[in-house]
Amino acid sequence: MSITRETLILSHAGAMQALAAAIAHAEKIGIPQCVFIVDASGETIASIRMDGAKYLSMHTARAKARTAASSNAPTGTMSFEFGTAAGIASKGGVTHLPGGLPIRFGSRLAGAIGVGSGTGDQDFEVARAALAAIGADAV
């Protein structure tokens with residue numbers, strides 16, 4: 001067993017490019033969004049609350065990004081009961097709400113994005129536009 005492991009890190013330039021694409025797509029569909037981009041450990045690299053986006057969606061967007069990074073999977077798939085318990089146990093750091101996607105390159109986790117303030121489908125649509133803009137794996 002190896003005592004080291006290579007990691008992939010999303011740069012701030014990549015995060016800003018993804019953030020710009022998310023904003024552009026949110027404007028295109030007419031839904032102001034809150035967007036968080038985190039590294040693989042869940043720490044924030046970039047975020048924005050677009051004009052008109054719901055204030056509380058800042059909290060859920062961050063939780064979506066952190067959940068997607070932690071699980072290396074899209075959010076919205078855990079049961080309501082488990083998601084609620086995980087949310088309580090993590091003091092809001094984990095959520096079952098849809099709108100969070102891992103950011104992977106060649107199947108390797110580099111971070112995650114969380115989007116909130118629209119419907120779950122709209123949040124995922126904006127997140128996927130951000131992934132496409134930086135050449136990340138489709139999720």
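**Strands, helices and their packing**

In the hairpin of strand 1 and strand 2, which has 4 residues between the strands, G42 adopts a positive phi near 95°. Helices and strands here are DSSP runs numbered from the N terminus, with at least four residues for a helix (H or I) and at least two for a strand (E). The model is predicted, so local features need pLDDT of at least 70 and side-chain atom pairs count only at pLDDT 80 or more, while totals for chains, interfaces and linings use all residues. Residues are numbered from 1 along each chain as its sequence is written, and side-chain values use heavy atoms, with hydrogens and water left out.

A good place to begin is the pairing of the strands, where two strands count as paired if DSSP finds at least two bridges between them. Strand 1 (34-39) and strand 2 (residues 44-49) run antiparallel and are joined by 5 bridges. Within this pairing, F36 stands opposite S47 of strand 2. Strand 1 also pairs with strand 4 in the antiparallel sense, over 6 bridges, and V38 has A112 of strand 4 as its bridge partner. Strand 4 (108-116) in turn pairs with strand 3, again antiparallel and over 6 bridges. Here G100 has G114 in strand 4 as its bridge partner. The hairpin of strand 3 and strand 4 has 2 residues between the strands, and G106 in this hairpin takes a positive phi near 60°.

How much of strand 1 and strand 4 is buried? The test is relative accessible area: buried means under 20%, exposed over 50%, and partly exposed in between (1.4 Å probe, protein chains only). In strand 1, 5 of the 6 residues are buried, so this strand is largely enclosed by the rest of the structure. In strand 4, 7 of the 9 residues are buried, so strand 4 is also largely enclosed.

The next topic is the nonpolar core, defined as a set of buried Ala, Val, Leu, Ile, Met, Phe, Trp, Tyr and Cys residues joined through side-chain atoms within 4.5 Å. In soluble globular proteins, nonpolar side chains tend to be buried together. The largest nonpolar core of this model has 23 residues, and the members touching the most others are L10, V35, I37, I103 and I113. At least two residues each come from helix 1 (12-29), strand 1, strand 3 (100-105), strand 4 and helix 4 (120-133). Helix 1 gives the largest share, 6 residues. A second, separate core holds 10 residues, including A53, A61, A65 and A69. To return to V35, its contacts (heavy atoms within 4.5 Å) are L19, A22, A46, S47, I48, I113, G114 and V115, leaving aside neighbours within four places in sequence.

Helix 4 has 14 residues, which at 1.5 Å a residue should span 20 Å, and its end C-alpha atoms are indeed 20 Å apart. The expected span is 1.5 Å times one less than the number of residues. Which residues of helix 4 are buried? They are D123, F124, V126, A127, A129, A130 and L131. The buried residues of this helix pack against helix 1, helix 2, strand 3 and strand 4. Just after helix 4, G135 has a positive phi of about 75°.

A search of the whole structure finds 1 salt bridge, a term for a side-chain nitrogen of Lys or Arg within 4 Å of a carboxyl oxygen of Asp or Glu. The side chains of K64 and D123 form a salt bridge, with 2.9 Å from N to O. This pair links distant parts of the chain, since K64 belongs to helix 2 and D123 to helix 4, 59 residues apart. K64 is buried because its relative accessible area is 4%, and D123 is buried because the value for D123 is 1%.

Two threonines make a friendly contrast to finish. T67 lies in helix 2 (residues 57-71) and counts as buried because its relative accessibility is 4%. The T67 side chain reaches the backbone nitrogen of T95 at 3.0 Å, a polar contact (a pair of N or O atoms within 3.5 Å; within protein, one must be able to donate a hydrogen and the other to accept it, and residues adjacent in sequence count only if both atoms are side-chain atoms). T77 sits in the loop between helix 2 and helix 3 (80-89) and counts as exposed because its relative accessibility is 68%.
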